[in-house]
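Dear colleague,

I am handing over the structure we spoke about, with my notes on two parts of it below. Please read them with the coordinates open beside you.

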Amino acid sequence: MRTSIATVSLSGSLTEKLTAASRAGFDGVEIFENDLLASPLTPEEIRARCADLGLGIDLYQPMRDIEAVPADEFARNLRRARHKFELMRRLGTDTVLVCSSVSPLALDDDALAADQLSRLADLAQDFGVRVAYEALAWGRHVSTYDHAWRIVETAGHPALGTCLDSFHILSRDSDPKGIEDIPGEKIFFLQLADAPLLAMDVLQWSRHYRCFPGQGGFDIAGLLQHVVRAGYDGPLSLEVFNDVFRQAEAGPTAVDARRSLLVLQESIGLARLPEPVVPTGIAFAELVTPDAEPVVAILGALGLARTARHRSKPVDLWECGEARVLVNTGPAARRDGTSVAAVGLESPDPAGAAHRAEALLAPVLPRRRAPEDAPLDAVAAPDGTELFFCATDRPELPNWRADFEPVQHTGTARTAGDAQGGVDRIDHLALTQPWHHFDEAALFHRSVLGLHGQESVDVADPYGLFRSRAVTNSGGSVRIALAVGPAPAEDESRAQHIALATDDVVAAARRFRASGGSLLPIPANHYDDLAARYELTEGELATYRELGILYDRDAQGEFRHCYTRTVGRVFFELVQRDRGYQGYGAQNAPVRLAAQHTGRPLR
């Protein structure tokens, strides 16, 4: 179906918004009145700019407080409407949005509302314009879509139809099934927006917290199915009021917006996309650093050994069991310290995964590659992390490990399970997102990679509140925790961490310390509280206190974990999951965050 976006959904000037919408692949736009009023371009110039960009102007909006008002007020409304209809003719658009009145002058009189909307439609018809009447969820007398439709039906005017808005319908818990009773040709326009499920005033909810389909808690797909069954064949248009989107760069926001519509259409069979190829594991995490010494000291103490070096790039492979970390000291390394630059995702079909990503507007990244290097495809996640689709040691597919030549190393790189307390794999990655990319990142990882999103969790930091949401595959062999900080921040303050799985975190922690590693100290008060919450033995509690090990328990099992000091933006976590524990120790996160604030990151 045709896709459109309201200019109010994007940041910047009107020309910036139009350019972003076009580059993202939208077919049209809704021009919000305030954007036009603030533009130095004439309506004719805006029309020409849209034509040059391949955009139709699908809707002009909004007209407010039109119907069910006293006669003298309605006369003024008709005068105002005549000017707007003339403006629309200059713009080259034929549909106007009329919102149900919130005016204190509005009367609770459906017959009067129908009569005045019919007279408005008479005038609109003279200009070749259609009127789409929409029920605002906070309308003074008309606040539901079925009420708005009854008024339109009563008016019975060919130039008068209804506009359906998913936020206004679902925020009031209206049953969307009744949409199927509206003739498709009388649904003049459809606006889509999702939102997190919040208990707050609906107007403030609408004005500040809308998001793109798939990023909130509404059943947008279910609503769209009812609209399609009614026979609607017009644009799928996004109208999203969001404080973050209004400040973020328009280009990436527009791409995120269109991706959400592609996934929405796929979910109900309106579009065919390449099937998701769900990753089966984490092949590697790549660190980029201007100074390898601090990070390799930690890796060595954790039990990983340098086993190979890339044949043409300054990249070393450190591994223990199936836990693999690449250390990149190339000239493109960040000067402000170590960071996670890339993640290798074990894929059953790397080419299929890349094909899916490209179809969802995540193009494969260009790479500098020697002729003999493995042809690995990578895409960029919203935070800039490169995601490689990998096949490790599978003879039928290109093997990224073949790009590395073995080196002599001190110590022995163990295989999984060789020794109790050894590291055997990457349990999960935790990546703090730029403040304006959190919702986009969650949708990206679910739609492009086929991962499942877990519930969002709020975590208290001494200086604000973090939000975290994990995405996983069904078996838990891929776990990525996405987080966003309490406020916009510089990149270097966006912590990242790599969690390494072990079968005995106490033994692993002791081995790390004995090898010269420094674990994050945890306040004694935490262990007093731990003794109150759980029946742990005195010896067990004393060990945890000594080593800085944190403990959690859920209905499935137990979780023990501890942390290294931070190097640049990165720190490591040792984790032990027992008897099916599925979480990440979220209740311990505030203690960890406070402890990290007291230390200084290593450079």
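In this predicted model, strand β4 (residues 95–99) and strand β5 (residues 130–134) run parallel and are joined by five bridges, and one of the pairings places Thr95 with Arg130 of β5 as its bridge partner. Helix α4 (residues 71–91) packs on the sheet, where it touches β2 (28–32), β3 (56–63) and β4, and its direction makes about 165 degrees with that of β3. The sheet itself is a closed barrel of eight strands, which runs β1-β2-β3-β4-β5-β6-β7-β8 with parallel pairing; on average, and with direction ignored, its neighbouring strands are turned by 30 degrees against each other.

The other part I looked at is centred on strand β24 (residues 558–563), which pairs with a strand on either side of it in sequence. Strand β23 (residues 550–553) runs antiparallel to β24 and is joined to it by four bridges, with Tyr551 standing opposite Arg560, and the two strands form a hairpin that has four residues between them. With strand β25 (residues 570–578), β24 again pairs in the antiparallel sense, here over six bridges, and Cys562 stands opposite Leu574. This second hairpin has six residues between its strands, and Gly568 takes a positive phi near 65 degrees in it.

As for how β24 is covered, six of its six residues are buried: Glu558, Arg560 and Cys562 lie on one side, and Phe559, His561 and Tyr563 on the other, so that both faces are covered by the under 20% criterion for relative accessible area.

Best regards

Key:
Residues numbered from 1 in each chain as written. Predicted model: local features only at pLDDT ≥ 70, side-chain atom pairs only at ≥ 80, totals over all residues. Heavy atoms only, no water. Pairing = 2+ DSSP bridges. Axes fitted to C-alpha atoms, helices over the stretch in contact; angles between N-to-C directions. Contact = heavy atoms within 4.5 Å. Buried < 20%, exposed > 50% of the residue type's maximum accessible area, 1.4 Å probe, protein only.
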